[in-house]
Amino acid sequence: MPDIRTETMTVNMGPQHPSTHGVLRLVLELDGEVIRSAVPTIGYLHTGIEKTAEQKKWQQVIPLVERMDYLSAQSNSMAYAMAVEKLLGLELPERVKNIRVLIAELQRINSHLVWLGTHGMEVGAVSVMLYCFRERELLLNLNEMLAGFRLFPSYMRIGGVREDLPRGFHEAVREFINRLEVKLGEYEDLLTKNEIYIKRTQTVGAITAENAITWGLVGPIARAAGVPYDVRKVFPYLGYETYDFTVPTRTEGDVYARYQIRVAEMRESIKLVRQALDRIPPIGIYAVADPRITPPPKDRVYTEMEALIQHFLIHSQGFTVPQGEAYVPVEGPRGEQGFTAISDGSNRPWRMKARSPSLLACQALESLIVGGQIADVIAVIGSIDVVMGDVDR
Amino acid sequence: MFPVIVGQIGLLLVVWFALQISAAVCVYCERKWAAYLQQRVGPTRVGYAGLLQPLADIVKLMFKENLRPKGADPFLFYLAPVISATACFAAFAVVPFGGETTLFGLLDAPMRLQVADVNVAVLVVFAIASMGIYGIVLAGWSSNSKYSLLGGLRASAQMISYELSYALSLVGVIILANSMSLADIVEKQSHVWYIVLQPLGFLIYLTAGIAETNRAPFDFPEAEQELVAGYHTEYSSMPFALFFLAEYVNMVTVSAVATSLFLGGWLLPGINTGGWGWMVFLAKVFVLLFLYIWIRWTLPRYRYDQLMAFGWKFLLPAAVINLLVTAAAVLYLGV
């Protein structure tokens, strides 16, 4: 057979592509449908949030960081608040810690539901997306109940939360959790043993435990490869050590394993939410009793001179944070989500830096998809669950 | 009264319009059923319960600007949707959808409800249906767009992997009926439907039929999550509408052929359907269409190399075994 001239084809996937999760751009070199090389390009969603934070008072940064990783808003603000609290040397009351655990776990479920839905849609099971978003809608309703805001509740405050849990919140969460437990089984019916789904995801985008560590991967991706790293277990915070839960791990490291990990994590989160609900009395303190940081309740502001002055000071000048640097990681839905807060002793951060798991996942993307096919690229991008808002800060 | 030829010309027009309307009905049903499967309500705004939605879609498409990418081959670019649409309409011509009738005495001789009774109808269906794939391949190639090209390539790879088993799955029926005319095949099923005698053949046909119509889980040529819109990425306005039409008419044709070959066409065993045969036929086609829609909205998509492996390593051997068993049974048992 005579030699036929062949050449590879370069395709730009993204930044406007239906399945690149926002504005990730991939320059793919294709040999037929096989990926020969892939160059992820980021920066299309640069928001400058880290820099903006330096112009804001400590408290004002909270709504900003919630907009970085928009699928795990409250995990972000919680990590940031905890970093500032570490600088301030605050010790949180037990009830506040439990409320935060409750909110963080609901946020994890929220993020994983979005992930499961979009991932299902990307491998072609469109209905899964609508089922997952149906349950997520109920979660957003809970957020609305909690703070009057659905996607970015800004309910976290440095030193606690904004106000006490609303009336009937316990019952609403319980109802949701009971419903979700049943519905999770239904999602699994559609995917877990589905021959086509297994064929599409098993051995696709696999990574070894060793490589996962080398690339700095964390969260469900690393745990799917057999690295049992979970901040909640390794560096417990908010009293996670007193909760009864397990960290699911698998060893295959492929897309299917990541799916299994995330579904298992949702079940663990349900357990955690139940335990947290049992520990939180319906009424009680919701912030540290530190007059420098926590504004006084409204009825006192209206009746007492001192409270009015205190309210005015906190809301106009903010509060100062002692000079220093603190890094606090939490286990967000995507893995170790950490914030470094550096203070020069003023009422604004001197520097605020986020450690985002999505950025590292983007880094490893190339090694996961080279040698695979176009259809695999979509499955893998979905499975590493990047949020572009978190990659470009 | 009128000569038969008048009836046949009338029938031709009726089938032509009915197929177009069937595409509209399919679009509406698909959107409604998909919505109910996904706990939504689907279209509700245009007309009663959204019934006029397909009409609104068509009007919208007509008023869209017709764009052609720079560097696209204009002749092939506009020929491709025409081929696709023509093929699926033409294939329906040989499908019988009712017994002989004089249309309540209007005609002087009985006429079969079938546009053309060809004695090799099964072959005609295949030959024409396979032409449809040229539309997709040409669309992918002539668009001068990378995603379209990939869609076109996938379509050709897909075709060679399912067409063989698609054809072989029907040979069993042909052996049993001892005829290649669809009308004869239907009439041989007056006592027992061939789905009972050929369950494996029916399943293979159904599976390959999904690939033939490019629908999920085998919708690789358009795979919107991977290739944006595949072969019709660059199409807009009426050329796009033609592809859209072709997809749905193709579904109807594949279902209609399946009904004739395996589900007894317009016949119900033990019941004389008389002049209502075409209603029975429609009902059966409708059931198959529902099955296609149900499958599409439930299953994830295969990868196209996996379909090739599935086609060659599973469907083809299964079809061959089915054929051998049928042939042996006919030979020794004289069924």
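This short talk goes through a sheet in chain A, the helix lying across it, and the contact between chain A and chain B.

Please keep in mind throughout that what we are looking at is a predicted model.

Let me begin with the sheet. In chain A there is an open sheet of three strands, and their order is β6-β7-β8, with antiparallel pairing. The edge strands are β6, which covers 324-332, and β8, which covers 349-355, and each of these pairs on one side only. From one strand to the next, the twist averages 15°. As a general reminder, the strands of a sheet pair through backbone hydrogen bonds, in either a parallel or an antiparallel way.

If you would like to follow one pairing on the screen, take β6(A) and β7(A), the latter being residues 335-343, which run antiparallel to each other over nine bridges. Within that pairing, A:Val328 has A:Phe339 of β7(A) as its bridge partner.

Now, what lies across this sheet? Helix α3 of chain A, residues 73-88, lies across β6, β7 and β8 of chain A, and it runs at about 150° to β6(A). The helix α3 also takes part in a salt bridge, since A:Glu85 meets A:Arg100 through their side chains, at 2.8 Å from N to O. That pair links distant parts of the chain, with A:Glu85 in helix α3 and A:Arg100 in helix α4 of chain A, 15 residues apart. Over all chains, the count comes to 32 salt bridges.

Let me turn to the contact between the two chains, to which chain A gives 34 residues and chain B gives 25 residues. Together the two chains bury about 2,700 Å² between them, and 57% of this is on carbon and sulfur atoms. On the side of chain A, the three residues A:Glu33, A:Ile196 and A:Lys199 supply 21% of the area that the chain buries against chain B, which is more than any other three residues supply.

How many salt bridges are counted between chain A and chain B? The count is one, and in it B:Arg303 is joined to A:Asp376, with the closest N and O atoms 2.8 Å apart. Beside this, eleven residue pairs are counted in polar contact between chain A and chain B, both residues being at pLDDT 80 or more. The elements of chain A that give two or more residues to this side include β1 (9-13), α4 (94-122) and α15 (374-384). By class, the side of chain A that touches chain B has 19 nonpolar, nine polar and six charged residues.

Note on methods:
Residues numbered from 1 in each chain as written. Chains lettered and ligands numbered in written order. Predicted model: local features only at pLDDT ≥ 70, side-chain atom pairs only at ≥ 80, totals over all residues. Heavy atoms only, no water. Pairing = 2+ DSSP bridges. Helix = DSSP H or I, 4+ residues; strand = E, 2+ residues; numbered from the N terminus. Axes fitted to C-alpha atoms, helices over the stretch in contact; angles between N-to-C directions. Contact = heavy atoms within 4.5 Å. Buried area = accessible area lost by both parts, 1.4 Å probe. Salt bridge = Lys/Arg side-chain N within 4 Å of Asp/Glu carboxyl O. Polar contact = N/O pair within 3.5 Å; in protein donor to acceptor, adjacent residues only side chain to side chain. Nonpolar A, V, L, I, M, F, W, Y, C, P; charged D, E, K, R; others polar.
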